[in-house]
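These are my notebook entries on a structure that I am opening for the first time. I write down what I looked up, one topic after another.

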Amino acid sequence: MSQQLADVLVGTVVLASIYALVGIGIVILFRSTAVVNFAQGAFMVAGAYLFYWGLEDVGLSWPLALLLSMSAMAVFGALCYVTMFRRLVGFDPFILVIATLGLGVVIQTVVAVIWGSSVRIMPGVFSLAPIDLPGNLRITPSALFGVVAAVVLIAALDLSMLRTRVGVRMRAVADRTLLASFVGVNVHLVSASAWAISSVCAGVAGAAFALQHELNPLSINALGLVAFPAVLLGGMDSIRGALVGGLLMALIQNLVTTYIGGIWSDVSAYVVLLAILLVRPSGIFGSPTLARL
Amino acid sequence: MTDVLAIEAVPAAEPEQPVGRGRARRAVLVLWAAAAVVCILLLTVGSDFQLFVSGFVLIYAIAAIGLQWLMGRAGQVSIGNAALIAIGAYTTAIVSDTSWGVFPVPVIVSAVVGGVVGLIIGLPALRLRGLYLALATLGLHFITVFAADRYQRNTGELFGLQVASPSLGPLDLADRRTFVAILMVLLAGLVLLLTNVYRFMPGRLWSSIRESELGAGAVGVPTVRWKLAAFVGSSAVIAVAGSLYAYYSRVVSVETFTLHFAISFLVMIIIGGVGSIVGALTGAILVTTAPYVLDSVANRLPAGGGFGDWLDSNIFHITNGLYGVILVFFLLYQPEGLVPALGRAGRWLSDRRRHVGAAEAKAEARPTPTEARETEAMPSRDDIVLELAGLGVRYGGGARAVDDIDLVVPRDSIVALLGRNGAGKTSVLRAITGFFRSEEAAVEGRVLLDGKDIAGATPTATSRRGVVLVPERDKVFPSLSVADHLRLAAPHGHVKEEIFDIFPRLTQRMKTPAGLLSGGERQMLAVAMAWVRNPKLLLLDEVSLGLAPILTRELLDRIVEINERDRIPVLLVEQNAKAALSIAHYAYVLESGRVVASGTPSELEFDPALTGAYLGTAP
């Protein structure tokens, strides 16, 4: 395998794992609360800064800093539901979209006030030397961290959604919210959990991305928005779709970056977005009724 | 759900009183006069800074009105407005650089280009709705910004495109006062034009599309043409605002057109009130001036103080994020916006002055419902599971679904509630389970469960008290398996073994997703799921609907079985009176939201209320 192709493949997997994390958060939230969170990028920024704060200012080791960031994001996500979106249940989808846009602006402002808006370098948690794998494949330890974090988190979510009562409750609320409340499911509790899980996913993705590149609120936020074309490619209401869509989008962007130029990477995602919307709005795995929302 | 839908079909708006219309016309005149006075003051004695800010207010107001056209009138979501402003601005910068590009030609070209782009975004919007349309416009935003960035780089204009100062005949438009005056005239003209367009047929067509696109299409509104018209028109207006922006700021640079910039226009029309032009204008004034106001507040605070210092050093971020805070605040606490709320407050004040006495007298005249009923022979209180006393249900704007209903479900019994489609049966059941706040339903009277009033509780709270409703539609979770359903509903997740004796059909289907079950199986599963919860009171909504007679019989036998075995009281809502009466101990007949007859099945069999008004018309 040529070095260039090998790097494209590894880059695809690394970026795909970030998209998969963010995308699963988007899908879980959308399915159980009908909210499409345009603030996902801001949530990523918040998670990344919390991770940075734990590492740099509190002086924790990286597993503890990650745990701190995850728990803080879980609480924050649940609070977003309790203080904001609980009051907006049943509103027009476009009101919800605008609400999340506003929430995103608020989060970014708070982050900028606390930490400033300058770009920071994450503390060197992992060594910079790439790990060599067979077949010209090589991956930096921080990129590997992102992939492993995504796999672990997604596997844990998958198992708990299928096998635990909490998971069944979440799927029930996602299917039929009102019916779930008739059979004794605490809809508010389940929705708050969905917000918490979605925020944790975004936060971990943000932290992983910051480790691989730098702590730049603008680029992380932009990445959070590019996750939408990725999710849409797979289908807004499908977990499997979020994974496959993330992988495809990461492949497209890596190919574009390698063979056309890095500056075309984000815009290619939006071109794909418009193409999907014109051709097949429900995505690869989404249910066809979805686009009528 | 049928009952709810039937109510929604009734127009919510009250017929406008001639008195109200006269008042509204006066209010409009006062507003125009006030706006004219403010404009003249600004042009004559306004400071240069005030003029500078009002120029931006006017330009953004034009864009906000354009966006309000699309979102408020035609009900289409767009976050592509920053892109459209950019398109207008770049078009103007490029065209005004040519020999033929003298003012106002570039403005007109911008309007045409904006309209064409509007048509292009409008085409996918014919298929897409809500958030998909929002995503499409998000794509437009990023692609436009990217193209603009590439253009600046390729032409070497890294700091933005310069726009020459315009002139029109003898008028020197470089003079800010003159240009602002022209902006005022343009805005006034646009407002006049659009209010008149909205007042007549196009306004009504767009409103019908916004309220229900399917419905509008069904009554013959050419939805495609009018949706596209809204996209083209609103995009042209927004592009004109972009063109004026280019002339006003003299430089067009890609940094201006951020997603934040796009969101700030959404904020304008949300805080003003998405439904009106006055709302968009109010929003444009507030959002555009807020950063300047905040800035001057920060400058006046004593330096060195803790808060003043903090505000001063973060003023950039805070003015940037301010509209996020404003937006969230308004969505949560004043979702209809400022202008409608102010209008309502004004009407409320003047109405209060007039009818303060009348309303109070009316409230006292109403008898308390329980008193009237005490005389009837009724089971003693301990034997009653559910008692409805003077129950009323109102939805949203004030449509009344149910009025003054008294009903009793004794312990261990099966009670049927009969009535035609739209009689209010489902509303009675929903009043017992309670509504979520977003359903915008008001419950009056009392709902006594074991003697405790649960009226106004949420479904979550009542289901915890043991009330279980099997709804008419959407009664199972399509993606959950049968086993998941039972596990979900069972207290602590333990499903009683007897389930397999009562519902043998389900045992072979335990792993099947409910979405793949037949209608009869779904019904059976829904009842089984309710039974597993061991309810204190079981509410069944139209269980026989759409089932073959043999399946209906089987289902009714199951209901009798769980009623007798586990002594679960059942309130059964049915259109199929014959089936319901075959198992009920007592029945009520509902007609237009009121109880018109009640009695045991044998008493009711020949009751004219049932045979005439109800069974006679049903097949």
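**Entry 1: a threonine in a helix**

I began with B:Thr288, which counts as buried because its relative accessibility is 7%, under the 20% that marks the limit for that word. I note at once that the model is a predicted one, and I keep that in mind for every entry below. B:Thr288 is found in helix α12 of chain B, which covers residues 277-300. I then looked up its contacts, leaving aside the neighbours within four places in sequence, and I found B:Phe56, B:Val57, B:Tyr60 and B:Met268.

**Entry 2: a glutamine and a surface patch in chain A**

Is A:Gln253 buried or exposed? I found that A:Gln253 is buried, since its relative accessible area is 1%, and that it lies in helix α10 of chain A. Apart from its neighbours within four places in sequence, A:Gln253 is in contact with A:Leu15, A:Tyr19 and A:Val226, and also with A:Ser265, A:Asp266, A:Ser268 and A:Ala269. I also looked up the separation of the C-alpha atoms of A:Gln253 and A:Trp264, which is 8.2 Å, the two residues being 11 residues apart along the chain.

A:Trp264 came up again when I turned to the surface, where it makes a nonpolar patch of about 560 Å² together with A:Leu251, A:Leu255, A:Tyr259, A:Ile260 and A:Ile263. From this patch I picked A:Ile263, which is found in the loop between α10 (239-259) and α11 (265-279) of chain A. A:Ile263 is partly exposed because its relative accessible area is 39%, a value that falls between the limits of 20% and 50%.

**Entry 3: the buried side of a helix**

Which residues of helix α6 of chain A are buried? In this helix, residues 165-175, I listed A:Gly167, A:Val168, A:Met170, A:Arg171, A:Ala172, A:Val173 and A:Asp175 as buried. What covers them includes α1 (3-33), α5 (141-163), α7 (177-182) and α8 (187-212) of chain A, and α18 (482-489) of chain B is also part of the cover.

**Entry 4: a sheet of four strands**

Moving to chain B, I followed an open sheet of four strands in the order β6-β5-β8-β9, in which the pairing is antiparallel. Its edge strands are β6 (399-410) and β9 (452-453), each of which pairs on one side only. Within the sheet, β5 (residues 384-395) and β8 (residues 441-449) run antiparallel and are joined by eight bridges; B:Leu388 stands opposite B:Val447 in β8(B). Helix α16 of chain B, residues 425-433, lies across β5, β6 and β8, and it runs at about 110° to β5(B).

**Entry 5: a sheet of six strands**

How many strands form the open sheet that has mixed pairing? I counted six strands of chain B there, in the order β10-β11-β12-β7-β13-β14. The edge strands are β10 (467-470) and β14 (594-599), each pairing on one side only, and neighbouring strands of this sheet are turned by 20° against each other on average, direction ignored. I looked at one pair in detail: β13 (residues 586-591) and β14(B) pair in the antiparallel sense over five bridges, and B:Leu590 stands opposite B:Val595 in β14(B).

Helix α16(B) appears here too, as it lies across β7 (414-419), β10, β11 (537-541), β12 (570-574) and β13 of chain B and runs at about 150° to β11(B). Helix α22 of chain B, residues 549-565, lies across β7, β11 and β12, running at about 145° to β7(B).

**Entry 6: backbone angles**

Before this last search I reminded myself that most residues other than glycine have a negative phi, and that most peptide bonds are trans. I found a cis peptide bond that joins B:Phe103 and B:Pro104, with omega at about -5°; B:Pro104 is found in the loop between α4 (81-95) and α5 (105-125) of chain B.

B:Asp450 has a positive phi of about 50° although it is not a glycine, and its place is in the loop between β8 and β9 of chain B. B:Asp450 counts as partly exposed because its relative accessibility is 35%. B:Asp474 likewise has a positive phi, near 50°, and is placed in the loop between β10 and α18 of chain B. B:Asp474 is partly exposed, with a relative accessible area of 47%.

Terms used: Residues are numbered from 1 along each chain as its sequence is written. Chains are lettered from A and ligands numbered from 1 in the order in which they are written. This is a predicted model: local features need pLDDT of at least 70, side-chain atom pairs count only at pLDDT 80 or more; totals for chains, interfaces and linings use all residues. Side-chain values use heavy atoms; hydrogens and water are left out. Patches are made of residues with over 30% relative accessible area and no salt bridge: like charges are joined within 9 Å, nonpolar side chains (Val, Leu, Ile, Met, Phe, Trp, Tyr) within 5 Å. Accessible areas come from the Shrake-Rupley method with a 1.4 Å probe; for residues, only the protein chains shown count as cover. A salt bridge is a side-chain nitrogen of Lys or Arg within 4 Å of a carboxyl oxygen of Asp or Glu. Helices (H or I, at least four residues) and strands (E, at least two) are DSSP runs, numbered from the N terminus. Buried means under 20% relative accessible area, exposed over 50%, partly exposed in between (1.4 Å probe, protein chains only). Two strands pair if DSSP finds at least two bridges between them. Contact means heavy atoms within 4.5 Å. Axes are lines fitted to C-alpha atoms, for helices over the stretch in contact, and angles run from 0 to 180 degrees between N-to-C directions.
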